[in-house]
Amino acid sequence: MRPADTLAFAWQVVRGYRARTLLILLAMGIGVAAVVAVSSIGEGARLYVMNQFGSLGTHLVIVLPGRSETAGSMPGVLIGKTPRDLTLEDALALKRSPAVRRLAPLIVGAGDVSVGARNRETPVLGSTAELMDIRHMEMAQGQFLPPGDPRHSLPVCVVGAKVAAELFGTRRALGEWLRIGDRRFRVVGVLASQGESLGFNTDEIVIVPLAAAQALFNTEALFRVLVEAKSREQIAYAQSDIEEILRERHDGKREVTVITQDAVLATFDRILRALTLAVGGLAAISLAVAGILIMNVMLISVTQRRHEIGLLKALGATGRNIRLMFFAEAVLLALGGAALGLAVGKLGQLVIGQLFPSIPFTAPWWAVIAAPLTAIGTAVLFSVAPARRAARLDPVRALSKR
Amino acid sequence: MIRLSGIERVFHVGEEEVHALRGVNLEIERGEYLSLMGPSGSGKSTLLNVVGLLDRPSAGHYALDGRDVTGLDDDALSRVRREKIGFVFQFFHLVARLTAEQNIELPMVLAGVDPAERRTRLARLLAEYGLEARARHRPDQLSGGQCQRVAIARAMSMGPTVILADEPTGNLDRHTGQEVLALLERVHHEGGTVVVVTHDLEIGVRAHRRLRMVDGAIVSDERS
């Protein structure tokens with residue numbers, strides 16, 4: 001029997017039993033659609049988290065005072081105990097590393113910010129001009145902190161969009177003076193609204209020069225140093241250089257924790273990938289169920305079509321011909337189901353994408369390939385038994401029973 | 001052409017052994033028109049199934065066109081069957097979802113005959129059996145006589161060595177039965193070998209060679 005004829009024969013069977021075909025298409029379609037939709041939700045969540053981390057800055061290495069045994073857990077600075085402070089001199093020394101492109105030391109505190117009678121408490125960041133590039137900040141108006149010697153204090157500040165609105169109302173903030181504690185600063189820039197970016201809401205902060213923050217909070221200790229490596233490949237060198245330089249400066253003691261954005265990213269990436277795989281796998285169970293349904297339907301079909309199978313054998317069909325016919329039928333059904341499922345899954349993905357536009361829902365390539373392949377695989381696998389049964393039918397008995 | 005020697009066929013029904021065929025010896029020559037008669041359970045159909053390679057004898061030898069086909073496996077039997085045997089059944093056994101022409105084409109499809117060749121043969125068969133107007137009808141849109149004509153055309157599509165007809169008129173009225181019989185006789189007149197199994201004496205006597213079976217054995221073999 002020619003392959004094209006086998007296929008044509010199976011196609012006639014598929015068309016001939018409409019209700020049965022629809023039922024199987026539905027089962028297969030739901031299975032495939034579930035895998036595609038669920039895995040695209042997982043993948044969307046992963047990409048969303050990755051983007052959030054990405055907006056923190058690229059090739060970022062973060063230096064925290066205090067030593068922590070496991071990277072990622074909060075170092076001692078939060079409980080106020082640290083062997084030796086991380087200072088501005090430490091931070092500037094890091095520029096010796098050839099792997100470092102730029103860095104921004106950071107001091108964080110809470111300040112009473114007031115303009116006239118209006119007053120509010122906001123986080124105050126002390127840093128340098130480089131912070132803007134490292135953190136990918138954008139200005140709505142004016143300039144960021146002016147570049148220059150970070151040891152030198154200038155009475156200027158940059159305010160977040162919300163702070164500007166609350167303190168100045170409808171008035172133009174740029175060029176105005178505000179008071180933090182007992183010091184006065186001139187507003188040289190307003191940050192563009194960026195919203196929350198992993199804990200830092202840039203809309204609600206005031207940024208002042210590092211030296212000013214040191215005086216304001218009466219401390220030399222840096223909260224952390226943000227370092228940007230020259231490239232992705234340089235991150236590891238930057239990390240080891242930083243550790244080396246700081247150990248030298250701290251009498252050979254390791255008193256800082258250096259975490260790389262990559263390490264954090266990689267961890268999240270792994271977790272979310274595993275999650276996506278897990279829920280995708282759960283959805284794949286429905287494919288197995290669809291496979292079993294196909295088997296049942298095929299077995300019933302063998303019984304229903306005893307006459308026909310017996311006749312085909314009498315007309316000279318070999319066992320192989322009959323098996324191939326059943327396989328072809330199963331594959332056709334699975335292909336139809338997979339196509340239907342992919343379409344429905346894609347549609348579902350679009351609908352969810354409309355509901356949550358901020359999350360980039362995309363079905364991962366492996367799901368788009370694996371789901372239909374699994375569908376076809378289960379269909380073929382589960383049609384082995386019915387096909388064998390059909391091929392073994394005794395034509396005399398199949399034909400004699402009415 | 002067909003040579004059966006010492007054919008036995010034993011069925012096991014529960015504990016019992018049923019001898020459906022006992023020591024059957026039979027030779028059929030090319031071009032013979034042969035009827036096989038006998039009461040129910042006499043082994044007519046079993047003998048027909050053995051000759052048609054649908055059933056295997058429990059003992060004895062069967063040579064078809066000079067080739068011993070006794071020991072062939074299922075797939076080899078299928079291949080011999082589609083080349084050399086044409087079946088016509090009492091209940092027609094057409095595939096309900098296929099049209100008349102698709103039913104006629106079926107043996108050629110199974111044998112892997114080239115589509116162009118199939119179309120040529122199909123056109124000839126449709127013309128020969130007067131089915132051109134009905135080619136695209138399904139069996140449920142055909143009369144019993146038309147169905148049996150489709151079945152005969154199907155049996156002839158591979159140019160078989162022998163046509164085996166099991167009660168070909170059993171499900172038809174008398175008039176239609178005569179028509180169908182006439183078609184089988186035409187096959188014989190054109191040089192084909194035809195074996196008809198029947199209850200009906202009137203049909204049986206039309207054959208040139210008449211076999212009578214009782215209890216699994218051939219008891220008489222008349223020629224005219």
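The paragraphs below lead through a predicted model of chains A and B, from the contact between the chains to the strands of chain B and then to two individual residues.

The interface is a good place to begin, and its extent can be put in terms of residues as well as area. On the side of chain B, 26 residues are in contact with 28 residues of chain A. The size of an interface is often given as the accessible area lost when the parts come together. By that reckoning chain B and chain A bury about 2,200 Å² between them, with 61% of this area on carbon and sulfur atoms. Of the area that chain B buries against chain A, 30% is supplied by B:His93, B:Arg97 and B:Leu110, which is more than any other three residues supply.

Polar and charged interactions also cross this interface. Nine residue pairs are found in polar contact between chain B and chain A, both residues of each pair being at pLDDT 80 or more, and three salt bridges are found across the interface of the two chains. One of the residues already named, B:Arg97, takes part in a salt bridge with A:Glu308, in which the side chains meet at 2.8 Å from N to O. On the side of chain B that touches chain A, the elements giving two or more residues are helix H2 (74-84), helix H3 (100-110) and helix H4 (115-128) of chain B. Sorted by class, that side of chain B has 12 nonpolar, five polar and nine charged residues.

Helix H2 of chain B deserves a closer look. Its buried residues are B:Ala76, B:Leu77, B:Ser78, B:Val80, B:Arg81 and B:Arg82. These buried residues pack against elements of both chains, namely helix H9 (306-314) and helix H10 (319-355) of chain A, together with strand S4 (59-64), strand S5 (67-68), strand S6 (85-88) and H3 of chain B.

Two of those strands, S4 and S5, belong to an open sheet of four strands in chain B, which are arranged in the order S2-S1-S4-S5 with antiparallel pairing. Strand S2 (16-28) and S5 of chain B stand at the edges with a single partner strand each, so one side of each is left without a neighbour in the sheet. The pairing of S1(B) with S2(B) is antiparallel and runs over nine bridges, and B:Arg3 stands opposite B:Glu27 in S2(B).

Strand S8 (residues 193-197) of chain B is mostly covered, five of its five residues being buried. From S8(B), B:Thr193, B:Val195 and B:Val197 point one way while B:Val194 and B:Val196 point the other way, and all are buried. S8(B) pairs in the parallel sense with strand S3 (residues 33-37) of chain B over four bridges, and likewise in the parallel sense with strand S7 (residues 162-166) of chain B over five bridges. B:Val196 of S8(B) stands opposite B:Ser35 and is also the bridge partner of B:Ala165.

Two single residues complete the picture. B:Val13 lies in strand S1 (residues 2-13) of chain B and is exposed, with a relative accessible area of 52%; its C-alpha atom is separated by 46 Å from that of B:Glu132, which is 119 residues apart from B:Val13 along the chain. In chain A, A:Glu43 is found in helix H2 (residues 18-54) and counts as buried because its relative accessibility is 10%, under the 20% limit. The side chain of A:Glu43 is joined to that of A:Arg46 by a polar contact of 3.0 Å, and, leaving aside residues up to four places away in sequence, A:Glu43 touches A:Thr276, A:Thr362 and A:Pro364.

Methods
Residues numbered from 1 in each chain as written. Chains lettered and ligands numbered in written order. Predicted model: local features only at pLDDT ≥ 70, side-chain atom pairs only at ≥ 80, totals over all residues. Heavy atoms only, no water. Buried < 20%, exposed > 50% of the residue type's maximum accessible area, 1.4 Å probe, protein only. Polar contact = N/O pair within 3.5 Å; in protein donor to acceptor, adjacent residues only side chain to side chain. Contact = heavy atoms within 4.5 Å. Buried area = accessible area lost by both parts, 1.4 Å probe. Salt bridge = Lys/Arg side-chain N within 4 Å of Asp/Glu carboxyl O. Nonpolar A, V, L, I, M, F, W, Y, C, P; charged D, E, K, R; others polar. Pairing = 2+ DSSP bridges.
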